[in-house]
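Trainee: I should like to look closely at one part of this protein, namely its largest nonpolar core. Could you please take me through it?

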Amino acid sequence: MADYKDKIRKLLALAQSPEEAEAKAALLRARELMAKHKLTEADLEEAKNQAVRNVLTDITCSKRRDPWIVNLSAVIGESYCCKGYRRHTKGCQTQTVGFIGLEDDVEVCVAIFKYAVDCIRAGVKTIKKELDGYYPRYIKQQCDSYGFGFVNGIDTALKGQDEEKHDDWGLVLVMPQEVEEAAQYLGKEDFKARTEETIDPRAYAQGYEEGKEFDPAHRLGERKEEK
C-alpha cells in the first residue's frame, strides 16, 4: 500500500508559496487522499490497530495575537477526524494549539493545520504592508477580520467537499469514538477575542473569498508532476 502521508507531504511541499492561489487546493486534495486511504483501511481493518495520539504543535496565539487560530484549529480538527485544544500556563495569555486523534489522522491534521496558518499569515503580511503608516489598532482589526473570514471560507470549502463527495466517502470521515473519549478531559474554556466584536466587513469578505478558493477539482500535485 502506498504511503498516503508521504503523498500529502509531497503535495504540500509542491506548494512552495502559500500566496499562490493554486496552492490552496492542497488542503482539499490532502483530505481526499485521507478519505481514500480510510476506505482501504476499512477494508483491511487496519484502523483498529491505531492508537490515539496527543500532539502539541508549535503554533501559539492569544486573544490579542492571531485569535483566528483557535477557530482554525476547530475547523481543521473536525474536518480531519481530530479534536483541537489549547494549552496555556495559568496567568499566561499565550496559548499553544494541540490535537488529539488516531496516529495517521493526527499527523495529517497537524501538517494541514500548519499549512493553513501559513496561508493566512501570508495574507496578513500583505495587508500589513499595504497599510503601513496607519494606526496599529486599525491594522490589527483589518488583519484579524481577514483571518476570521479566511477560516470561515475554508470551513465553507470543506463542507462543500463533503457534500460533493458524500456518495464516494459516506461516513468515512466521522470522528472516531476513541478520539471522542480521549478528548473528554479537555477543558471547555471560552475563548472570545475583542476583535470578533469589531469585524471589518470588507477585510472579512476578502479573507472569506480567498478561503473558499480551495478547489477540490484542482489536482495540484498531479498537474505539476506532469510537467
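Mentor: The account below begins with the chain as a whole and then turns to the core. Please keep in mind that this is a predicted model. The protein chain contains eight helices and three strands, and along the sequence they follow the pattern α-α-β-α-β-β-α-α-α-α-α. Of its 227 residues, 47% count as buried. The chain exposes about 12300 Å², and carbon and sulfur atoms supply 47% of that area. Among contacts with a separation of 6 or more, 83% join residues that are 24 or more positions apart.

Now to the core itself. In soluble globular proteins, nonpolar side chains tend to be buried together. The largest nonpolar core here has 43 residues, and L72 and F113 are the members that touch the most others. Six elements each supply at least two residues of this core: the helices α2 (25-44), α3 (68-79), α4 (103-130) and α5 (136-169), together with the strands β1 (52-61) and β3 (95-102). The largest share, 13 residues, comes from α4.

L72 deserves a closer look. Leaving aside residues up to four places away in sequence, L72 touches F113, A116, V117, I120, V151 and I154. With the ranges of the helices in view, L72 falls in α3 (68-79), while F113, A116, V117 and I120 fall in α4 (103-130), and V151 and I154 fall in α5 (136-169).

Finally, another core, of seven residues, lies apart from the one described; its members include L102, M175, V179 and L186.

Terms used
Residues numbered from 1 in each chain as written. Predicted model: local features only at pLDDT ≥ 70, side-chain atom pairs only at ≥ 80, totals over all residues. Heavy atoms only, no water. Helix = DSSP H or I, 4+ residues; strand = E, 2+ residues; numbered from the N terminus. Buried < 20%, exposed > 50% of the residue type's maximum accessible area, 1.4 Å probe, protein only. Contact = heavy atoms within 4.5 Å. Areas by Shrake-Rupley, 256 points an atom, 1.4 Å probe, with all protein chains shown as cover. Core = buried A, V, L, I, M, F, W, Y, C linked by side-chain atoms within 4.5 Å.
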